[in-house]
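I opened my notebook today to look up how the helices and strands pack. Here is what I wrote down as I went.

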Amino acid sequence: MPQSKSIQDESQVIAWLGQFVQHGGPRYMQIADFIERAIDNQQLKTGDRLPSQRRMAELLQVDLTTVTRAYEEAKRRQLLSGLGARGTYATAPKLDLGQMLDLSMNTPPPPANVDLAELLKQGLAQVQRNADDDLLINYHLGGGSLDDRAAGAAWLKPMLGTVTPEQITVCPGAQAALLAFIMSLTRHGDVILAEPAIYPGLRMAAEQLGRRIITVDIDIDGMRPDLLAAALKEYAAPMVYVNPTLQNPTTHTMPTARRQEIAKVIAHSDAYLLEDDPYWLLLDDAPPPLATMIPERVCYIATLAKCLAPGLRTAFVWLQEHELQQRFLTALRSFSLMTPPLTSALTSQWIRNGTATTLLAGIREEASLRQRMAADLLAGRSCSNNQGIHVWLPLPSYWTAQELVQSARNDGLAITPSEIFYNQSNPPHSVRIALGGIRQREQLAAALRRLSHLLARRPETHLRHI
């Protein structure tokens with residue numbers, strides 16, 4: 001570590017220190033975030049010496065213990081290196097060049113300005129204090145308690161407006177809900193209509209149950225209403241699947257006018273529309289769900305896995321029609337008797353006391369930062385809309401998706417090819433880049449730079465034919 005660099009001028013230090021955010025998490029974590037952002041923005045460079053802990057405490061007007069914890073957290077993130085009496089220095093995180101950097105797992109990023117580990121610790125302790133231990137380890141009827149359903153109704157209010165707890169079913173994840181809907185709405189051999197790019201879990205469930213997926217072509221706004229009407233007539237399909245907001249994988253959002261046109265087509269058919277909407281809360285000014293336009297014919301799913309944390313294993317299903325809800329519950333209970341009570345209790349508690357909203361705000365902030373990072377490092381390559389937790393990346397003509405996936409893997413990167421999502425023989429030459437699976441921003445930046453460099457050069461197979 002160079003020792004020639006002196007302590008930064010205090011005006012420079014103040015320039016990169018941020019302002020504490022009320023309800024933004026513990027102050028020591030916010031200070032560590034200040035340091036991480038300063039390194040990301042190169043306001044702090046490797047080798048820059050930071051003020052002593054005591055002086056930093058004076059600058060921030062916090063106690064010394066807070067700064068000590070902040071410096072330790074920054075060291076844990078490999079952002080700082082302590083050299084005893086010689087001081088504390090900024091350092092780029094050490095990357096294991098043999099480590100596989102995962103850009104394939106589509107999970108929310110760690111929330112900005114939130115100590116998630118501490119929230120989890122406090123939340124579980126509170127659940128144990130407030131709940132009957134026997135209830136947390138016993139069987140419960142599927143669909144959730146009245147308290148859990150009320151929490152689900154509160155969570156869905158931004159999307160659907162006021163709904164009753166009786167219309168909510170609590171499921172152990174969206175995949176379970178998809179499977180139960182296929183079982184309750186369709187029979188063996190039936191057709192499910194969907195756009196060309198679909199969530200792979202739907203295809204997997206349909207294939208296991210002997211259903212066929214037929215694609216309906218799209219235009220710039222999404223599924224074409226005229227082709228949907230024709231397909232419904234041709235195949236007598238009982239179910240139509242859409243993922244209309246920040247679609248996985250393309251990040252496309254169906255505009256309001258197209259949603260209204262699709263709703264009209266469904267209204268004049270015997271089909272139900274399955275609206276899989278995990279990303280609605282991640283999008284600014286998201287269009288109203290189709291469930292608000294034709295509530296009697298839409299089954300609405302919103303999972304917490306894509307906007308809070310996959311480990312919560314909670315999805316909320318809204319159904320207006322009571323008879324269909326009972327069929328859905330019967331199907332759900334045939335393979336998944338209940339959502340784990342401890343998970344449900346924690347989720348409901350976090351929704352009631354505002355912790356879930358705090359987490360969501362932190363994830364939105366972090367996702368936005370990572371989208372900007374991807375836009376900078378993949379300049380001119382991404383066609384995404386700079387919101388959400390993933391990027392859709394069309395490839396240069398000299399790369400196929402499979403070639404890039406293999407070359408990326410050889411280079412220590414995991415990415416997802418387009419063929420995973422397309423129910424056709426000629427998927428587009430594109431890949432999905434997930435931005436939340438890599439915890440540290442510096443590691444994500446390194447992965448995106450590595451991918452950008454890979455895209456800039458031609459594959460060996462292409463060079464051999466030039």
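At what angle do helix 8 and helix 12 pack, and how many Å apart are their axes? Before answering, I note that this is a predicted model. I looked up helix 8 (residues 174-185) and helix 12 (residues 322-333) and found an angle of about 115 degrees, with the axes 8 Å apart. The crossing of helix 8 with helix 12 is right-handed. On the helix 8 side I listed the contact residues, among them Ala-176, Ala-180 and Phe-181, and they meet helix 12 residues including Leu-324, Arg-327 and Phe-328. I sorted the residues of this contact into ten nonpolar, one polar and one charged.

Next I turned to another helix pair. Helix 2 (residues 27-40) packs on helix 4 (residues 64-76) at about 50 degrees, with axes 8 Å apart, and the two are therefore oblique to each other. Helix 2 also passes helix 4 in a right-handed crossing. Here Tyr-28, Ile-31 and Ile-35 are among the helix 2 residues that meet helix 4, where I noted Val-67, Ala-70 and Glu-73 among the partners. This contact divides into nine nonpolar, one polar and three charged residues.

Then I went to the sheet. Seven strands make an open, mixed sheet in the order 5-13-12-11-10-6-7. Strand 5 (168-171) and strand 7 (212-215) are at the edges with a single partner strand each, so one side of each has no neighbour in the sheet. I got an average twist of 25 degrees from one strand to the next.

Inside the sheet, strand 12 (residues 298-303) and strand 13 (residues 315-318) pair antiparallel over four bridges, and Thr-303 stands opposite Ala-315. Last entry: helix 9 (residues 200-208) lies across strands 6, 7 and 10, at about 135 degrees to strand 7.

Conventions: Residues numbered from 1 in each chain as written. Predicted model: local features only at pLDDT ≥ 70, side-chain atom pairs only at ≥ 80, totals over all residues. Heavy atoms only, no water. Axes fitted to C-alpha atoms, helices over the stretch in contact; angles between N-to-C directions. Left-handed = near helix turned anticlockwise from the far one by under 90°. Contact = heavy atoms within 4.5 Å. Nonpolar A, V, L, I, M, F, W, Y, C, P; charged D, E, K, R; others polar. Parallel < 35°, antiparallel > 145°, perpendicular 65-115°, else oblique. Pairing = 2+ DSSP bridges.
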